[in-house]
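Biologist: Please pick one part of this model and take me through it closely, then lead me outward from there. I am new to this, so explain your terms as you go.

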Amino acid sequence: MFDREKGRIKVIFGERGANFPYSNNLYLEGKEVKALVDAGAGEEKLQALKARLPVERVYLTHYHFDHVVYTYLFKEQAEIWSNPIDAPNLLDLRQLVRTIGITWALGEEKVAAWLADLQADRIKGQSLAPWGRQEWLWSTGRVDGTYPYGEPMDLGDLPLVFLHTPGHTAGMACLWFPEEKLVFTADVDLTEFGPWYMGEDGDITAYRQSALALLELPAKYYLTSHVPELLSKDEFYRRLKEYLQIIDHKHEKILTLWRQGLSVAEIAVQGIFYPARFQVDPWINAWEQLTIRKHLQLAEGE
Ligand SMILES: [Zn+2]
């Protein structure tokens, strides 16, 4: 059932290479508390876990769909814990959509219409952004507790610390397990796409700082949410450097086009983050434009 184990930490790799909308999850077998970290590995995998082992708590690293999607499977038996900053998004879907940047682009009316369609299950067909998925409704709306940042906790012979690592979202937490010397880096994920800071609460500078701070830990192993491998520190360091360089490459491209006189919408067509064909999806187009603006604002401050 588990793909890797380090002591009381059990790793469940996400389906389909842990690519979005799946994610790697942890099962924490503390003597006192049995907990799942994120709920995005896949319905089958998490149903199998639920059938065989107790899950008393679900810790969510942040509010994004691919990390919370299967939370509903555990709602009856487990408490749902979030970081304190992202909790309001998990409690209120309308707030979540605002924080992730969609309301900024579409406006309140279109968001209200979307929510009504979702609630009436009127949205058919799949899109790259998961805005048609019913799990939005099933897996949000409840937070039973918030975990503090930076304070050592113990689930029973299983100490851990939730680290505040803003940038991807304002509240995202990475997990540090000092005994096993393992870091769960959540969406500092080392994917080919590069760092994702496209929501309204995403921050390019904070992302970089948070990612680099993970190297300061006396860690041996790193696990990201979207790479199904346990990485050594050297490997994580090597891949992180390349991954963060993607920010610089995209930054240069955007600035070059801006200096040529292109507007934000015209730069978006170039598909610097998402290819233009995906931008027929209004959420994807919103993120593309919002992110171009972030880069331009960053350049203004340089
Ligand atoms: Zn995320």
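Modeller: Let's start at the zinc ion. Its protein donors are His-62 (NE2), His-64 (ND1), His-168 (NE2) and Asp-187 (OD), lying 2.0 to 2.2 Å from the ion. A donor here is an N, O or S atom within 2.8 Å of the metal (3.2 Å for Na, K and Ca), and with water not among the atoms, sites may look incomplete. This is a predicted model, in which local features need pLDDT of at least 70 and side-chain atom pairs count only at pLDDT 80 or more, while totals for chains, interfaces and linings use all residues. Residues are numbered from 1 along each chain as its sequence is written, and side-chain values use heavy atoms, leaving out hydrogens and water.

Along the chain, the zinc donors follow the spacing H-x1-H-x103-H-x18-D. The four donor atoms subtend angles of 88 to 169° around the zinc ion, so the arrangement is irregular. (Four donors are tetrahedral if all angles lie between 85 and 135 degrees; four are square planar and six octahedral if opposite donors are over 155 degrees apart and all others between 65 and 115; anything else is irregular.) His-62 and His-64 are both buried, where buried means under 20% relative accessible area, exposed over 50% and partly exposed in between (1.4 Å probe, protein chains only).

From the metal, let's move to the rings. The structure holds 17 aromatic pairs, meaning rings of Phe, Tyr and Trp (its six-membered ring) with centres within 6.5 Å; planes under 30 degrees apart are stacked, over 60 edge-to-face and the rest tilted. Take Tyr-59 and Trp-81: their ring centres are 6.0 Å apart and their planes stand at 80°, so this pair is edge-to-face. Tyr-59 belongs to strand β5 (residues 57-59) and Trp-81 to strand β6 (residues 79-82), so the pair ties together parts that are 22 residues apart in sequence. Helices (H or I, at least four residues) and strands (E, at least two) are DSSP runs, numbered from the N terminus. Tyr-59 has 0% relative accessibility and so counts as buried; Trp-81, at 17%, is buried too.

Trp-81 has a charged partner as well: Arg-57 lies over its face, 4.5 Å from the ring centre. (A charge sits over a ring if NZ of Lys or CZ of Arg is within 6 Å of the ring centre and within 35 degrees of the ring normal.) Likewise, the charged end of Lys-250 sits over the ring of Phe-193, 4.7 Å from its centre. Ring pairs also gather Phe-65, Trp-114, Trp-136, Trp-196, Trp-283 and Trp-287 into a cluster.

Finally, look at charges that meet each other. There are 14 salt bridges, each a side-chain nitrogen of Lys or Arg within 4 Å of a carboxyl oxygen of Asp or Glu. One of them joins Asp-248 and Arg-208, at 3.0 Å from N to O. This pair links distant parts of the chain, with Asp-248 in helix α9 and Arg-208 in helix α8 (residues 204-213), 40 residues apart. Asp-248 has 34% relative accessibility, so it counts as partly exposed, and Arg-208 is partly exposed at 26%. Another salt bridge joins Arg-142 to Asp-144, with the closest N and O atoms 2.9 Å apart. Glu-229, Glu-235, Arg-238, Arg-239 and Glu-242 are linked in a network of salt bridges.
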